[in-house]
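Me: I would like a close look at one part of this protein. Start there, then connect it to the rest.

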Amino acid sequence: MHEPLASRPKLGLVLPGGGARAAYQAGVLSAIAELLPAGDCNPFPIISGTSAGAINAAFIATNAAHFRKGAEHLASDWRHINTERGIRTDAYTIFKNISYWLLALMHTGFGRRNPIVLLDNAPLRRLLEQHIVFARLQEAIDSGNLEALAITCSGYTSARAITFFEGKPELESWWRTRRQGQPSELRFDHIMASVSLPGIFPAVRIGQEYFGDGSLRQAAPLSPAVHLGAERILVIGVRNEQANRLPAPDEPVPYPPLGQIAGYLLDVIFSDRVYTDLERLRRINATLGHMSKRELLEQPLRSIDTLVIVPSVDIRDIARRHVNEFPHSMRLLMRAMGGLHKTGSQLLSYLLFEAGYCQELIELGRNDTFAQSDKLLKFIAGEPVAAG
């Protein structure tokens, strides 16, 4: 039997970026919905998302009044996704964009009036408009099913991570080095900006500034949830944390192709800062644990419990099994970048927006969640659990 939401510690949900790997998050959320009693209210009053995680965050937040139904629909949408529903993959568009890239590199000033990007993600916006109803966001806040939704974008002019949030009126802005929180009426521009990887997708103008992928400048991915009042945070990551094998002393190591380097950079952008921030938060918790009650009252920090759910297997192995699902034009592009080679599977795992691959990630997310259901339910209910 779960405690009423008002009596539990305020739970924040953090969904980092991860491209197509974000299908794993949808699987975790659908399993959580099944584990909770039917008709139970949204367990996450504070939801923060970045990049592809912003899509999942917006979907769950706008369906906060019907959490199970929203989680089921989110998983269903990921199960039926394909690359062509999110980006234009016809050979003409891809060839035109690549040619434009090359011309821009060869001729100074070429392309000043037009964005230089590799892929056109206009279909993604149309897809989101069919499935996310932002009018429901304020309704969820007014009804008490949600306190805030936060979406982080990276400003190209201000060179800072700006977290746009919509929530209860008493929530305040915050300013830190290279990052700030700004109350806003969230719309599709915020999502499209948060997913816009530089050079891959076009930047999006919000107000007086152009914005790109939120993961670029987000040095502290947990901070939006903390600033918005979360007392516990559930993080759904998209990377298995088992260390890669080191090459043997006499093993030949080829020069890394562009696909391997690009995948490496995406891995750094999407995941490394999450774990750095978790380590920082746990050090703070450990320090606070050694303070007296009087010392705790004299400083502004507070202990925040965290629970992390991450893939139990290497997602790159899953991606390699589904490479043939890519449209022909995308396979040609990936082959040119070295993304179809085993060393490029990291890049492939972030870009493979295809149904078979995403379905396998959803099932992995569900299985990983059910495997630690006891710990997860205790965490949601506000009971003590070991950090993880």
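Is Asp-277 buried or exposed, and what is its relative accessible area?

Reply: Asp-277 is buried, at a relative accessible area of 7%. Buried means under 20% relative accessible area, exposed means over 50%, and partly exposed is anything in between (1.4 Å probe, protein chains only).

Some ground rules come before the details. This is a predicted model, so local features need pLDDT of at least 70 and side-chain atom pairs count only at pLDDT 80 or more, while totals for chains, interfaces and linings use all residues. Residues are numbered from 1 along each chain as its sequence is written, and side-chain values use heavy atoms, with hydrogens and water left out.

Now the partner of Asp-277. Its carboxylate forms a salt bridge with Arg-280, with 2.3 Å between the closest N and O atoms. A salt bridge here is a side-chain nitrogen of Lys or Arg within 4 Å of a carboxyl oxygen of Asp or Glu. Arg-280 is partly exposed, at 33% relative accessibility. The pair therefore joins a buried acid to a partly exposed base. Both residues sit in helix α10, three residues apart, so about one helical turn separates them. An α-helix has 3.6 residues a turn, so residues three or four places apart point the same way.

Stay on that helix. Helix α10 covers residues 258-289 and also holds Tyr-264. Helices (H or I, at least four residues) and strands (E, at least two) are DSSP runs, numbered from the N terminus. Tyr-264 is exposed, with 56% relative accessible area. Together with Ile-261, Leu-265 and Val-268, Tyr-264 makes a nonpolar surface patch of about 360 Å². Patch members have over 30% relative accessible area and no salt bridge; like charges are joined within 9 Å, and nonpolar side chains (Val, Leu, Ile, Met, Phe, Trp, Tyr) within 5 Å.

The spacing of Asp-277 and Arg-280 has a parallel elsewhere. In helix α12 (residues 315-321), Arg-320 and Asp-317 are three residues apart, about one turn. They form a salt bridge too, at 2.2 Å between the closest N and O atoms. Here the acid is partly exposed: Asp-317 has 34% relative accessibility. Arg-320 is partly exposed as well, at 29%.

Another salt bridge spans the sequence. Arg-79 and Glu-363 meet at 3.2 Å, N to O. Arg-79 lies in helix α3 (residues 67-79) and Glu-363 in helix α15 (residues 355-371), so this pair ties together parts that are 284 residues apart in sequence. Arg-79 is partly exposed at 24%, and Glu-363 is partly exposed at 34%. There is also a salt-bridge network, which links Lys-10, Glu-147, Lys-168 and Glu-170. The whole structure has 15 salt bridges.

Burial shows up in other settings. In helix α6 (residues 122-131), the buried residues are Pro-123, Leu-124, Leu-127 and Leu-128. They cover an arc of only 140° around the axis, which puts them on the same side of α6. The arc is taken from the directions between the helix axis and the C-beta atoms.

Loops hold buried residues as well. Ser-184 lies in the loop between β6 (179-183) and α8 (188-194). Ser-184 is buried, at 17%. Its side chain reaches the backbone oxygen of Gln-182 at 3.2 Å. Leaving out residues up to four places away in sequence, Ser-184 touches Phe-164, Phe-165, Glu-166 and His-190. Contact means heavy atoms within 4.5 Å.

Two loop residues have unusual backbones to check. Most residues other than glycine have a negative phi. Ser-51 has a positive phi, near 55°. Ser-51 sits in the loop between β2 (46-50) and α2 (52-62), and is buried at 3%. Phi of Ala-159 is also near 55°. Ala-159 is in the loop between β3 (148-155) and β4 (160-167), and is buried at 15%.

Finally, the whole protein. It has 16 helices and ten strands. Of its 388 residues, 52% count as buried. Among contacts with a separation of 6 or more, 75% come from residues 24 or more positions apart. The accessible surface is about 18300 Å², and 55% of it belongs to carbon and sulfur atoms. Accessible areas come from the Shrake-Rupley method with a 1.4 Å probe; for residues, only the protein chains shown count as cover.

Key
Polar contact = N/O pair within 3.5 Å; in protein donor to acceptor, adjacent residues only side chain to side chain.
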